[in-house]
Amino acid sequence: MLCRYIRSARVWSMLVAMGVVTMVFGILYSRGLPQDLHSMNMLMGMFTGIGGAFALVGGIKLVHYKRASADELKLEEIERNDERNIQLIRMAAVTSNNAATILFIMMIFILLWLDYRVPALIVLGALYVQSIAFFAAYRYFKNRI
């Protein structure tokens with residue numbers, strides 16, 4: 001969904017740079033860690049993967065902007081601003097928000113059932129942050145329209 005809204009080549013080049021820096025940080029830092037720090041090695045692997053994904057997505061979008069003609073970019077802009085597509089994106093966002101809420105609730109119950117109280121509280125905190133963000137966005141857009 002992020003790929004549909006960002007149209008600036010400068011933003012995509014910043015994403016590529018951030019991805020490369022994150023990937024290099026993850027690789028270099030993991031080489032200096034002892035093998036018995038499994039959780040830190042896993043975290044550095046996640047940094048490497050996320051950095052690689054950012055660099056790849058940003059690179060693909062930059063190549064797309066360089067190779068596409070002005071007419072093709074204009075057609076994409078028209079497609080992006082089409083009322084039907086905007087409505088479909090909003091419906092998908094609502095559906096994914098509801099699915100994430102259900103997933104958070106299921107994770108809380110499973111973690112409590114397994115007697116993992118601290119991770120359950122962390123997931124509960126994430127559920128609260130999601131709910132607060134939803135209601136803040138609802139109030140903002142309600143007053144704006």
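Me: M18 lies in helix α2. How do you know that α2 is a helix, and where does it run?

Reply: This is a predicted model, in which local features need pLDDT of at least 70, side-chain atom pairs count only at pLDDT 80 or more, and totals for chains, interfaces and linings use all residues. Residues are numbered from 1 along each chain as its sequence is written, and side-chain values use heavy atoms, with hydrogens and water left out. Helix α2 covers residues 9-31; helices here are DSSP runs of H or I with at least four residues (strands: E, at least two), numbered from the N terminus.

Me: Why is M18 called partly exposed?

Reply: Its relative accessible area is 42%. Buried means under 20%, exposed over 50%, and partly exposed in between (1.4 Å probe, protein chains only), so with 42% M18 lands in the middle class.

Me: And what about L103 over in helix α5, why does that get the partly exposed label?

Reply: L103 comes out at 46% relative accessible area, so partly exposed fits. The C-alpha atoms of L103 and I60 are 31 Å apart, with their positions 43 residues apart along the chain.

Me: What makes M18 part of a nonpolar patch?

Reply: M18 joins M42, L43, M46, I50 and F54 in a surface patch with about 520 Å² of accessible area together (Shrake-Rupley, 1.4 Å probe). The rule wants over 30% relative accessible area, no salt bridge, and nonpolar side chains joined within 5 Å; M18, at 42%, is past the area cut-off. Helix α3 gives the most to this patch, with 5 residues.

Me: How do you know that V16 is in contact with F54?

Reply: Contact means heavy atoms within 4.5 Å, and V16, in helix α2, meets that with F54, A55, G58, G59 and L62, leaving aside neighbours within four places in sequence. By contrast, the C-alpha atoms of V16 and E72 are separated by 23 Å, with the two residues 56 places apart along the chain.

Me: Is N41 buried or exposed, and how do you know?

Reply: N41 has a relative accessible area of 18%, so N41 is buried. N41 sits in helix α3, residues 38-67, and touches S30, L33, P34 and Q35, not counting residues up to four places away. The N41 side chain also reaches the backbone oxygen of P34 at 3.5 Å.

Me: What about D36, buried or exposed?

Reply: D36 has 65% relative accessible area, so D36 is exposed. You'll find D36 in the loop between α2 and α3, 38 Å from S96 by C-alpha atoms, though 60 residues away in sequence.

Me: Why are D115 and R117 called a salt bridge?

Reply: Their closest N and O atoms are 3.3 Å apart, and the rule asks for a Lys or Arg side-chain nitrogen within 4 Å of an Asp or Glu carboxyl oxygen, so the pair qualifies. The count comes to 1 salt bridge, and both D115 and R117 are exposed. D115 is in the loop between α5 and α6, with a positive phi of about 65° although D115 isn't a glycine.

Me: What makes I108 part of the largest nonpolar core?

Reply: A core is a set of buried Ala, Val, Leu, Ile, Met, Phe, Trp, Tyr and Cys residues joined through side-chain atoms within 4.5 Å. The largest one has 5 residues: I108, L111, A120, V123 and L127. Helices α5 (83-113) and α6 (117-144) each supply at least two of them, and α6 gives the most, with 3. I108 touches A120, V123, L124 and L127, not counting residues up to four places away in sequence.

Conventions
A polar contact is a pair of N or O atoms within 3.5 Å; within protein, one must be able to donate a hydrogen and the other to accept it, and residues adjacent in sequence count only if both atoms are side-chain atoms. Patches are made of residues with over 30% relative accessible area and no salt bridge: like charges are joined within 9 Å, nonpolar side chains (Val, Leu, Ile, Met, Phe, Trp, Tyr) within 5 Å.
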